Amino acid sequence: MTHPLPTYSVRAFNGAAASENKIHDDTVAQRFGFKGALVPGVAVFAYMAHVPVAHFGRAWLECGQAECRFLKPVYDGDIARVTGERGGDGLALFVESNGERCATGQASMPPPRAASAIDSLPAAVPPAERPQASETSLGVGRALGIAPLVLDRAALSAYLDEIRETDPLYRAEGLIHPGQILRLANQALLQNVVLGPWIHVASTIRFHGLARTGEELTLRARITSNAENKGHAIVAFDAIVVADGARTVAEMTHTAIWRPRQVAEAST
């Protein structure tokens, strides 16, 4: 038996309008058949994350886990409604907007386990000159890293405003939002290769501790697959987010269409 939780509604905001990824630009997105620019998947995940924090509390940020899959676009200015249903040991999560199911996911509090060792994934530094995204530059086994990032209170506050987060926990304790942590996986792509329009399609994340303002955050990642499906070139990688070089904050898998079918068709 499932038990519905209160709906969390957010007026979606495309905070990536100026991004290098032009799928977040109205003109380019419309050429791909969308109504307009796509709100980033990591922002949609940030909306979803409100529900497990409301249900499980602060502990979910320390040792919870989640998975999410993005099915349909969420558009700037539209209302995104996040619902959750209790069932078994966790929550089933859903995002609906404009009468369509846009994302699904799950969140839970799994049995405790130690985080993977930091050096279980290779360290890497973004190249001074990024190569074009390709089957080679995004080849299986390649290590991806990001420039170290330190978020201060102002950056945290600006982000919480951007995603319309209403839980006071993050500002009160200076805690980095789970959406900001998952967004580091996008940076693993953006800082290592030059991409055309691309689409984040799915992620899993398991938390191993809180990240706070003032800590230096880095990411270690290794590409696990790069294959074509229905004309889309899709890359997946494992990643670990590390605080101050010594503590694992989260382990993730991240999947993205790095070359949509429409781009491949246009080039031929």
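These legends go with a set of close-up views of one predicted model.

**View 1. Strand 9 sits between two antiparallel partners, strand 3 and strand 12.**
Let's begin with strand 9, which covers residues 199-207. On one side, strand 3 (residues 65-70) pairs with strand 9 in the antiparallel sense, and the two share 5 bridges. To find your place in that pairing, look for cysteine 68, whose bridge partner in strand 9 is serine 203. Strand 12 (residues 247-259) is also antiparallel to strand 9, with 8 bridges joining them. Here a handy landmark is isoleucine 199, which has isoleucine 257 as its bridge partner in strand 12. Is strand 9 largely enclosed or left open? Of its 9 residues, 8 are buried, so the rest of the structure largely encloses strand 9. When you follow any strand like this, remember that side chains in a regular strand alternate between the two faces of the sheet.

**View 2. Helix 2 is largely enclosed by the rest of the structure.**
Helix 2 runs over residues 41-56. How far apart should its ends be? At 1.5 Å a residue, its 16 residues should span 22 Å, and the C-alpha atoms at the two ends are 23 Å apart, which agrees. Now check the surroundings: 13 of the 16 residues of helix 2 are buried, so this helix is largely enclosed. Just after helix 2 comes glycine 57, with a positive phi near 85 degrees. As you trace the helix, keep in mind that an α-helix has 3.6 residues a turn, so residues three or four places apart point the same way.

**View 3. Proline 260 is a buried loop residue.**
Look in the loop between strand 12 and helix 7 (261-267) and you'll meet proline 260. Its relative accessibility is 1%, and buried means under 20%, so proline 260 counts as buried. Which residues does proline 260 touch, leaving aside those up to four places away in sequence? They are Phe32, Pro197, Gly231 and His232. Isoleucine 199 shows up here again: it is 61 residues from proline 260 along the chain, yet their C-alpha atoms are separated by 7.8 Å.

**View 4. The structure holds 2 cavities of 30 Å³ or more.**
The largest cavity has about 60 Å³ of space. Among the residues lining the largest cavity are Leu61, Leu175, His177, Phe207 and Val249. Its lining divides into 9 nonpolar residues, 2 polar ones and no charged ones. The second largest cavity has a volume of about 30 Å³. Which elements give two or more residues to the lining of the second largest cavity? Helix 2 and strand 3 do, and helix 2 provides the largest share, with 4 residues. The residues around the second largest cavity include Phe45, Met48, Trp60, Glu67 and Cys68. By class, the lining of the second largest cavity has 9 nonpolar residues, no polar ones and 1 charged one.

**View 5. The largest pocket has a volume of about 970 Å³.**
There are 43 residues lining the largest pocket, and Leu38, Phe70, Ile199, His200 and Val201 lie nearest its centre. Helix 6 (residues 178-190) supplies the largest share of this lining, 5 residues. Sorted by class, the lining of the largest pocket has 23 nonpolar, 13 polar and 7 charged residues.

**View 6. The second largest pocket takes lining residues from several strands.**
This pocket has a volume of about 330 Å³. Nearest its centre, out of 25 lining residues, are Gln65, Ala66, Glu67, Thr204 and Ile205. Strand 4 (79-87), strand 5 (90-97) and strand 6 (100-108) are among the strands that each supply at least two residues of the lining. The lining of the second largest pocket splits into 9 nonpolar, 10 polar and 6 charged residues.

**View 7. Strand 10 pairs with strand 7, strand 8 and strand 11.**
Strand 10 takes in residues 216-229. Strand 7 (residues 143-145) is antiparallel to strand 10 over 3 bridges, and strand 8 (residues 149-150) pairs with strand 10 in the antiparallel sense over 2 bridges. In strand 10, leucine 217 is the bridge partner of leucine 149. How many bridges join strand 10 to strand 11? There are 12, and these two strands run antiparallel. Keep an eye on alanine 221: this residue of strand 10 stands opposite leucine 144, and alanine 239 is its bridge partner in strand 11. The hairpin of strand 10 and strand 11 has 2 residues between the strands, and lysine 230 takes a positive phi near 55 degrees there.

Methods:
Residues are numbered from 1 along each chain as its sequence is written. This is a predicted model: local features need pLDDT of at least 70, side-chain atom pairs count only at pLDDT 80 or more; totals for chains, interfaces and linings use all residues. Side-chain values use heavy atoms; hydrogens and water are left out. Buried means under 20% relative accessible area, exposed over 50%, partly exposed in between (1.4 Å probe, protein chains only). Two strands pair if DSSP finds at least two bridges between them. The expected span of a helix is 1.5 Å times one less than its number of residues. Contact means heavy atoms within 4.5 Å. On a 1 Å grid over the protein atoms alone, a cavity is a set of points where a 1.4 Å probe fits but cannot get out, and a pocket is an open set with protein on both sides within 12 Å along at least five of seven lines; lining residues have an atom within 4 Å of a point. Grid points are joined across faces, edges and corners, and a volume is the space filled by probe spheres set on the points. Ala, Val, Leu, Ile, Met, Phe, Trp, Tyr, Cys and Pro count as nonpolar, Asp, Glu, Lys and Arg as charged, and the others, Gly among them, as polar.
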